[in-house]
Amino acid sequence: MASSSGNSSGSPPIQTSGSEGGFVQVIDQKKRKRMESNRESARRSRMRKQKHLDDLLAQVAQIKKENNQILSDINTTTQHYLNVETENSVLRAQMLELSQRLHSLNEILSHINSYTAGASVVSAAPAASWSCMFETEELQHLDLADNFLGNSWNSMALINQHPIMSSADIHYY
């Protein structure tokens, strides 16, 4: 049911002949206040949304910056790891080569000792036996023995049984 005065609240309009113009003005004034209040509320809502959006954009920028720093740290650490791994490979190869050289030298000394044992060399120095200063237990702490050389270090135990050089050998040279 529509009224001629524009009242949309559903209540019947007050029918006074002299105050009808005042009633319309009151309603128009209330409408204007409500519209103005709604506009202000919408403006505050837009401002809150914009601030929230700005905060989220700042947070995205900060997280991207942190991610870039983390990626940089990962790349640096990876490069350092690769350098250390390369150095370890070189050291493993050097250790293997030196181990093989030591084994060869021990074999040579064993042959020299067996040769000099057959010959009668008189020495004024007491017969002291020398042994290698590295023992199997000392070398196995490197952890490389198990990984790369297997049980070949067990041959080092033979050094303790056979002297590398004796005082007779030193006198012989």
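These exercises work through a predicted model of one protein.

Residues are numbered from 1 along each chain as its sequence is written. Local features need pLDDT of at least 70, side-chain atom pairs count only at pLDDT 80 or more, totals for chains, interfaces and linings use all residues, and side-chain values use heavy atoms, with hydrogens and water left out.

**Exercise 1. Confidence**

Task: State the mean pLDDT of the protein, then find the elements with the lowest and highest mean values.

Solution:
- Step 1. pLDDT is the predictor's confidence in each residue, from 0 to 100.
- Step 2. The protein averages 74, and 57% of its residues reach 70 or more.
- Step 3. Among the elements, helix α4 (residues 157-161) has the lowest mean, 43, and α1 the highest, 94.
- Step 4. Residues 1-9 have pLDDT below 50; beyond near neighbours in sequence, this stretch has two contacts in the model. A contact means heavy atoms within 4.5 Å.
- Step 5. Residues 120-173 also have pLDDT below 50. Beyond near neighbours in sequence, that stretch has 63 contacts in the model.

**Exercise 2. Fold and the span of α1**

Task: List the secondary structure, then test the span of helix α1 against its number of residues.

Solution:
- Step 1. Helices (H or I, at least four residues) and strands (E, at least two) are DSSP runs, numbered from the N terminus.
- Step 2. The protein has five helices and zero strands. Along the sequence the pattern reads α-α-α-α-α.
- Step 3. Helix α1 covers residues 20-118.
- Step 4. The expected span is 1.5 Å times one less than the number of residues. For the 99 residues of α1 that gives 147 Å.
- Step 5. The end C-alpha atoms of α1 are 144 Å apart, which agrees.

**Exercise 3. Burial and surface**

Task: Which residues of α1 are buried, and which residues make a nonpolar surface patch?

Solution:
- Step 1. Buried means under 20% relative accessible area, exposed over 50%, and partly exposed in between (1.4 Å probe, protein chains only).
- Step 2. Of the 173 residues of the protein, 12% count as buried.
- Step 3. In α1, the buried residues are Arg92, Met95, Ser99, Asn106, Leu109, Asn113 and Thr116.
- Step 4. Accessible areas come from the Shrake-Rupley method with a 1.4 Å probe; for residues, only the protein chains shown count as cover. The protein exposes about 14,100 Å², and carbon and sulfur atoms supply 58% of it.
- Step 5. Patches are made of residues with over 30% relative accessible area and no salt bridge; like charges are joined within 9 Å, nonpolar side chains (Val, Leu, Ile, Met, Phe, Trp, Tyr) within 5 Å.
- Step 6. Ile70, Leu71 and Ile74 make a nonpolar patch of about 270 Å². Ile74 counts as partly exposed because its relative accessibility is 44%.

**Exercise 4. Salt bridges**

Task: How many salt bridges does the whole structure hold, and how far apart in α1 are Lys51 and Asp55?

Solution:
- Step 1. A salt bridge is a side-chain nitrogen of Lys or Arg within 4 Å of a carboxyl oxygen of Asp or Glu.
- Step 2. A search of the whole structure finds five.
- Step 3. Lys51 and Asp55 form one of them, at 3.2 Å from N to O. They are four residues apart in helix α1, so about one helical turn separates them.
- Step 4. Lys51 is exposed at 52%, and Asp55 is partly exposed at 42%.
- Step 5. Glu40 bridges to Arg44, with the closest N and O atoms 3.9 Å apart. Glu40, Arg43 and Arg44 are linked in a salt-bridge network.
- Step 6. Arg92 meets Glu85 at 3.7 Å, N to O. Arg92 is buried, at 18%, while Glu85 is partly exposed, at 30%.
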